[in-house]
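Good morning, colleagues. I would ask you to look at the structure first, and then I shall go through its parts in turn.

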Amino acid sequence: MAIKFLPLGGAEEIGANCYYVNISGVGIILDCGIHPQKTGTEALPAFDLITDKQLDHVLISHAHQDHLGALPFLIKLHPYLRITTTPQTRALAEVTLHNTISILKEQVPKTDKLDVYTHEEIDLLIRSINYKSYNEDFEVSGYSYRDEKIKVQFFDAGHILGAAGILLESGGKKIFYTGDIDIDNQELIPGADLPDTKIDTLILETTYGSTDSSSILKWHEESQRFASLVNKILNDGGSVLVPVFSLGKMQELLTTIWNLMCSGKMTQTEIYTGGVARKISRIYDYNRYSVRSINPELEISNIPQNDLYEATQPGNFFKNPCIVLASSGMMIEGTASYNLARHWIKQSKSAIFTVGYMEASTPGYKFANAKKGGRIQLNEFTSEEIKCSIENFRFPSHSRREGLLEIVHKLHPENVILVHGEPESISWIGAEIIKSYKSTKVYVAKLGYEIVF
Ligand SMILES: [Zn+2]
């Protein structure tokens, strides 16, 4: 059995994650993401690399934009591709893809030839997506190689609602793609469930490969630290801005804050949320008994929340000390968290609390590394004084680097392909695997370079 692996994006970076795998003539695309820091055609995976390839299926690991956002563009090019994901990812995809249309239209430079899709196209696309639950066996076959059947199974990857690790099996060989994976519990989503079998080829994400895990506390410990610093700001009459991704981090942090308030560890105060995050929270609620959940009794939509949009209208601007959860997580220019942070830095009693990974080229990285009393340079012309406090927290939804090695240990693969990480992260994980598992071959995914087994 011949296996070919070709990265179209998400190689040596966290970008437009998209990988082409050909197993005995059947062409499968794993994920189809859009690059969060790029715009227009530049943000898409390198679809030109698969123009003359056998293309049969797309399997989507989860609904974050860097794994899903380019799917409508791929389907425009190859309308006959069959798509399968989990039912939860399908439901989340419907909300997030509709939501990104206006954002994409705004971002695409006038000179770019990228044709942004319509709401009608998304409706048709969502209807065409097949869905399979976790641990349910199904088969995919090719248009040209109909006798060649690839067995597929989704495994709960933790990370966010509906996230799946994808197991592919053919001719006795097993390939496992982790997608984004977290083996530890968060506040809502339990740690990943891994296949209980030896894997031949592991395609492993490496987000936290370069991060020393001693800088990441357990979720519970970090939430205690978060509560005590929030209390300090609120008691001084300030407000706390928390930049979050609207899918995943928003629901986890809102639940964390609510649980802290209910247990008396955090001062009861107004919480602001808004936009697409509320629709996403309803999908979490709707699925709370159909997937593994830490507390299925809790409905996120029932947590008292004020509307962020109303609070930012002239004359209404946050009158009382409060906690504001606003997207985007990496504070991309023009988003709610970025715009609010520009206001927040002028308020000496208030604070910005970052809660997740910040990619080095993003405004979020600049805010996270700024200090009260210092200055921040958001564009080449002006720098602004920071009057508010800034604190950084880690509430990870990806495995720490030891967790990634635990996955390797458990699945005992002959080959590991490292994806979805900065070069330093890939180097650290790669070196550790080579040190500990002498018989395991380690490959670094490189854009456009095919790996053949
Ligand atoms: Zn993700």
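I shall speak about the domains, then the two sheets, then the core and a few single residues.

Please keep in mind throughout that this is a predicted model.

Let me begin with the overall division. The chain falls into domain 1, which covers 3-211 + 405-452, and domain 2, which covers 217-392. Their C-alpha centres are 29 Å apart. To the contact between them, domain 1 contributes 21 residues and domain 2 contributes 23 residues. On the domain 1 side, which element supplies the largest share? That is helix H3, residues 87-107, with six residues. By character, the domain 1 side of this contact consists of eleven nonpolar, eight polar and two charged residues.

I turn now to the sheets. In general, the strands of a sheet pair through backbone hydrogen bonds, in either a parallel or an antiparallel sense.

One open sheet has seven strands, in the order E6-E5-E4-E3-E2-E1-E22, with mixed pairing. Its edges are strand E6 (129-131) and strand E22 (451-452), each of which pairs on one side only. If we walk inward from E6, we come to strand E5, residues 82-85, which pairs with E6 in the parallel sense over three bridges. Within that pairing, threonine 84 stands opposite asparagine 130 of E6, and threonine 85 has tyrosine 131 of E6 as its bridge partner. Strand E4, residues 57-59, is also parallel to E5, again over three bridges. Here valine 58 has isoleucine 83 of E5 as its bridge partner.

A further open sheet of seven strands runs in the order E7-E8-E9-E10-E11-E20-E21, and its pairing is likewise mixed. Strand E7 (138-141) and strand E21 (441-444) form the edges, each pairing on one side only. From one strand to the next, the twist averages 25°. At the E7 edge, four bridges connect E7 with strand E8, residues 149-156, and these two strands are antiparallel. Glutamate 139 stands opposite lysine 151 of E8 in this arrangement.

Two helices deserve mention with this sheet. Helix H11, residues 401-411, packs on the sheet and touches strand E10 (173-177), strand E11 (201-205) and strand E20 (415-419). The direction of H11 makes about 170° with that of E11. Helix H12, residues 423-436, lies across E20 and E21 and runs at about 170° to E21.

Strand E20 also holds a residue I should like to examine, valine 419. Is valine 419 buried or exposed? Valine 419 counts as buried because 29 other C-beta atoms lie within 10 Å, and the threshold is 20 or more. Its contacts, leaving out residues up to four places away in sequence, include Ile203, Leu204, Glu205 and Thr206, together with Pro7, Gly10 and Ala445. Valine 419 and leucine 204 are 215 residues apart in sequence, yet their C-alpha atoms are 5.9 Å apart in space.

Next, the nonpolar core. The largest one contains 126 residues, and Val242 and Leu325 touch the most other members. Where does this core lie relative to the two domains? Both domain 1 and domain 2 give residues to the core, so it lies between them. Leucine 325 is in contact with Val242, Val244, Met250, Leu253, Leu254, Ile271, Tyr272 and Thr273, setting aside neighbours within four places in sequence.

From there we may move to helix H9, residues 336-344, whose buried residues are Ala336, Ser337, Tyr338, Leu340, Ala341 and Trp344. The elements covering them include strand E12 (240-243), helix H8 (308-311), strand E15 (322-326), strand E16 (351-354) and helix H10 (363-368).

The loop between E15 and H9 contains serine 327. Serine 327 is counted as buried because it has 24 C-beta neighbours inside 10 Å. Not counting residues up to four places away in sequence, serine 327 touches Val244, Phe245, Ser246, Met250, Gly275, Ala277, Thr335, Ala336 and Ser337. Ala336 and Ser337 are among the buried residues of H9. By way of a distance on the C-alpha trace, serine 327 and glycine 373 are 46 residues apart along the chain and separated by 25 Å.

That concludes my presentation, and I thank you for your attention.

Notes: Residues numbered from 1 in each chain as written. Predicted model: local features only at pLDDT ≥ 70, side-chain atom pairs only at ≥ 80, totals over all residues. Pairing = 2+ DSSP bridges. Core = buried A, V, L, I, M, F, W, Y, C linked by C-beta atoms within 7 Å. Buried ≥ 20, exposed ≤ 12 C-beta atoms within 10 Å, placed from the backbone. Domains from an automatic or database assignment. Contact = placed C-beta atoms within 7 Å. Nonpolar A, V, L, I, M, F, W, Y, C, P; charged D, E, K, R; others polar. Axes fitted to C-alpha atoms, helices over the stretch in contact; angles between N-to-C directions.
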